[in-house]
Amino acid sequence: RDIDPQVSPIKSIYEYFVKPSQREFELWETKVPKWSPKKQISFHKIVVPTVDTIRNAFVVTALWKEGHQVLIGGNTGSGKTLLAQSILGKIPDDQSSLTINF
């Protein structure tokens with residue numbers, strides 16, 4: 001109740017996250033890093049961080065850390081596999097993963 005709900009009427013509530021340390025709403029856009037392509041990288045390995053990729057990775061990682069099972073769904077080309085691979089690439093050595101495509 002200490003958070004003052006001052007959200008811009010132009011943007012949707014989904015464009016914000018709560019920053020607990022400051023008790024404020026902050027735009028997801030502030031979490032998107034500046035990006036430029038690295039030299040000598042294959043085109044198919046290029047990943048440009050966007051608000052959607054940052055937000056989705058945050059939600060899936062938060063659920064996974066709390067021990068919840070996560071099902072990632074979406075249209076073709078929406079980044080489901082990329083999201084799963086990036087999160088599974090960060091799991092501790094005492095855990096394993098199995099990817100099944102169907």
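Which helices each supply at least two residues of the lining of the largest pocket? That would be H1 and helix H2, the latter running over residues 80–88. The legends below come back to this pocket after a look at the rings and the charges, and everything shown is a predicted model.

**View 1. Tyr 16 and Phe 25 meet edge-to-face.** A search of the whole structure turns up three aromatic pairs. In this one, the ring centres of Tyr 16 and Phe 25 sit 6.5 Å apart with the planes at 85°, so we call it edge-to-face. The two partners don't share a burial class: Tyr 16 is buried at 13% relative accessibility, while Phe 25 comes out as partly exposed at 26%.

**View 2. Phe 17 and Trp 28 make a tilted pair.** Here the ring centres are 4.8 Å apart and the planes are at 45°, so the pair counts as tilted. Phe 17 belongs to strand E1 (residues 16–19), whereas Trp 28 sits in the loop between strand E2 (24–27) and helix H1 (51–65), so the contact ties together parts 11 residues apart in sequence. Both rings are tucked away: Phe 17 is buried at 12% relative accessibility, and Trp 28 is buried at 5%. Step back a little and Phe 58 joins in, with ring pairs linking Phe 17, Trp 28 and Phe 58 into a cluster.

**View 3. Glu 15, Asp 52 and Arg 55 are linked in a network of salt bridges.** The structure has three salt bridges by count, and Arg 55 takes part in one with Glu 15, where the closest N and O atoms are 4.0 Å apart. That pair links distant parts of the chain, since Arg 55 is in helix H1 and Glu 15 is in the segment before E1, 40 residues away. Arg 55 also meets Asp 52 in a salt bridge, at 2.5 Å from N to O. Asp 52 and Arg 55 are three residues apart in helix H1, so about one helical turn separates them. As for accessibility, Arg 55 is buried, with a relative accessible area of 16%. Its partners fall in another class: Glu 15 is partly exposed at 24%, and Asp 52 is partly exposed at 44%.

**View 4. Lys 19 and Glu 26 form a salt bridge.** The side chains come together at 3.3 Å, N to O. Lys 19 is partly exposed, at 27% relative accessibility.

**View 5. The largest pocket holds about 680 Å³ of space.** Its lining is made of 19 residues, and Val 70, Ile 72, Ala 84, Leu 88 and Thr 99 lie nearest the centre. H2 gives the largest share of that lining, with seven residues. Sorted by class, the lining has 12 nonpolar residues, six polar ones and one charged.

**View 6. The second largest pocket holds about 490 Å³ of space.** This one is lined by 20 residues, with Thr 53, Ala 57, Leu 82, Leu 83 and Ser 86 nearest its centre. H1 and H2 each supply at least two residues of this lining, but here the largest share, six residues, comes from H1. By class, the lining splits into nine nonpolar, eight polar and three charged residues.

Methods: Residues are numbered from 1 along each chain as its sequence is written. This is a predicted model: local features need pLDDT of at least 70, side-chain atom pairs count only at pLDDT 80 or more; totals for chains, interfaces and linings use all residues. Side-chain values use heavy atoms; hydrogens and water are left out. Rings of Phe, Tyr and Trp (its six-membered ring) pair if their centres lie within 6.5 Å; planes under 30 degrees apart count as stacked, over 60 as edge-to-face and the rest as tilted. Buried means under 20% relative accessible area, exposed over 50%, partly exposed in between (1.4 Å probe, protein chains only). Helices (H or I, at least four residues) and strands (E, at least two) are DSSP runs, numbered from the N terminus. On a 1 Å grid over the protein atoms alone, a cavity is a set of points where a 1.4 Å probe fits but cannot get out, and a pocket is an open set with protein on both sides within 12 Å along at least five of seven lines; lining residues have an atom within 4 Å of a point. Grid points are joined across faces, edges and corners, and a volume is the space filled by probe spheres set on the points. Ala, Val, Leu, Ile, Met, Phe, Trp, Tyr, Cys and Pro count as nonpolar, Asp, Glu, Lys and Arg as charged, and the others, Gly among them, as polar.
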